[in-house]
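Reader: Please take a close look at the way the strands are joined and at the turns between them, with the backbone angles where they matter. I would like one connected account, and then some words on how these parts fit into the whole.

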Amino acid sequence: MRRGKIQVKTDDAGTLSIEWDKIASIATADQYEVSMRDGTLLLGRFSAGASGTLRVTDAGGTAAAAVIAEIVSFARIKAGFLQRLDGSVDLGGTYAKSSGIAELWFSTDAKFRRPKYAYTATFSTNLTQQAEAEDTSRYALKLDYTRYGADRWLVSTFGLFEGNRDLGFTFRGTGAVSAGRYLQRSAHSELLLTGGGAVGRETPVDQPRVTNVDALIAASFSRFAYDYPSTSLDLAVLIFPSLNDPGRVRLNANGKIKRELFRDFFISLSGYDAFDNRPTSAAAQRNDVGGSLSFGWTF
């Protein structure tokens, strides 16, 4: 179970998806890793408890009572890699014959989650072709590793690889380390705030390579509802105030609202904003904003 939905795989009825707040009780034969809202981790088998609670019994026979409403996620210990993988693929585009402008948008993400840690990969790109102008494109690849601690604290490290000629660079690679805390974490929403530092290299379109040393402020918010049709909202922002070029600030913001069409397929509205108040290339724009209406599949 994660993000407010429990999945139960059966041989005869397929995979059942049930909202967590509709669950009254669970009993299992296998052991599970259980994450509580306050950051506590439990390990054991589920059995029925008093009203509104479950008993989690470890291999030594010690039982702990867990309030059902306080359980954020759990996963079977022996589950394989593919069973722990969640993600989605989006594809959208537009074409106007009168102007000769064609646009293509593609994005994908995948997450391997355990109660104590997670690996995440996200990639997005868009391409614009115009009959009487040079083609433009951007891409962003982000690879994360997150380690979860007690009391909703976490430590994260990521690599961010970008290309955006509109902002004056052909390639920018950034490595960052941050620490933060979930300010809110429930079966229907998550709010995370982190801070740290980052170092990277940037290749401007018309200048020698430069090194970026930055502070890092990051925030993300998710809201999800599973009554049919299920709907989710995800917002994230990365802010890089420069330490070796005082006064320069870069920002990467992304948002997506996704609504279910039918099982595992959805329609989504996505948007991004890439900002640099002092681009390394004098001819570059300070801001690049875009969005797309697309169709996708979750796995």
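Author: Two strands count as a pair if DSSP finds at least two bridges between them, and the strands themselves are DSSP runs, numbered from the N terminus. With that in mind, what follows concerns a predicted model, in which the protein has 19 strands and zero helices.

The account can start with strand S3, residues 32-36, which runs antiparallel to strand S4, residues 41-48, and is joined to S4 by four bridges. Within this pair, Tyr32 stands opposite Gly44 of S4. The hairpin that S3 and S4 form has four residues between the strands, and Gly39 in this hairpin takes a positive phi near 95°. S4 also pairs in the antiparallel sense with strand S5, residues 53-57, again over four bridges, and here Ser47 has Arg55 in S5 as its bridge partner. The hairpin of S4 and S5 likewise has four residues between the strands, with Gly52 at a positive phi near 80°. S4 is thus bridged to S3 and to S5.

Positive phi values also occur away from glycine, and they deserve attention because most residues other than glycine have a negative phi. Where are Asp151 and Arg152 found? Asp151 is in the loop between strand S11 (133-148) and strand S12 (153-164), and Arg152 lies in the loop between S11 and S12 too. Phi of Asp151 is near 55°, while that of Arg152 is near 70°, each a positive value in a residue other than glycine. As for its surroundings, Asp151 has a relative accessible area of 37%, so it is partly exposed, a class that falls between buried, under 20%, and exposed, over 50%.

Further along the chain, strand S15, residues 210-225, pairs with strand S16, residues 231-241, in the antiparallel sense over nine bridges, and Ser220 stands opposite Ala236 in S16. S16 in turn runs antiparallel to strand S17, residues 249-262, and eleven bridges join S16 to S17; in this pair Leu238 stands opposite Asn252 of S17. In a regular strand the side chains alternate between the two faces of the sheet.

Strands also supply residues to the lining of the second largest pocket, which has a volume of about 170 Å³. Of the 13 residues in this lining, the closest to the pocket centre are Glu103, Trp105, Asn126, Gly291 and Ser292. At least two lining residues come from each of strand S8 (85-96), strand S9 (101-113), strand S10 (117-130) and strand S19 (287-298), and S19 gives the largest share, four residues. By residue class, the lining divides into eight polar, four nonpolar and one charged.

Placed in the whole, these parts belong to a protein whose C-alpha trace spans about 70 × 45 × 25 Å along its principal axes. Of its 299 residues, 37% are buried, and the protein exposes about 15700 Å², of which carbon and sulfur atoms supply 59%. Among contacts with a separation of 6 or more, 49% are between residues 24 or more positions apart.

How values were computed
Residues numbered from 1 in each chain as written. Heavy atoms only, no water. 1 Å grid on protein atoms, 1.4 Å probe; cavity = no way out; pocket = protein on both sides within 12 Å on 5 of 7 lines; lining within 4 Å. Points joined across faces, edges and corners; volume = space filled by probe spheres on them. Nonpolar A, V, L, I, M, F, W, Y, C, P; charged D, E, K, R; others polar. Buried < 20%, exposed > 50% of the residue type's maximum accessible area, 1.4 Å probe, protein only. Contact = heavy atoms within 4.5 Å. Areas by Shrake-Rupley, 256 points an atom, 1.4 Å probe, with all protein chains shown as cover.
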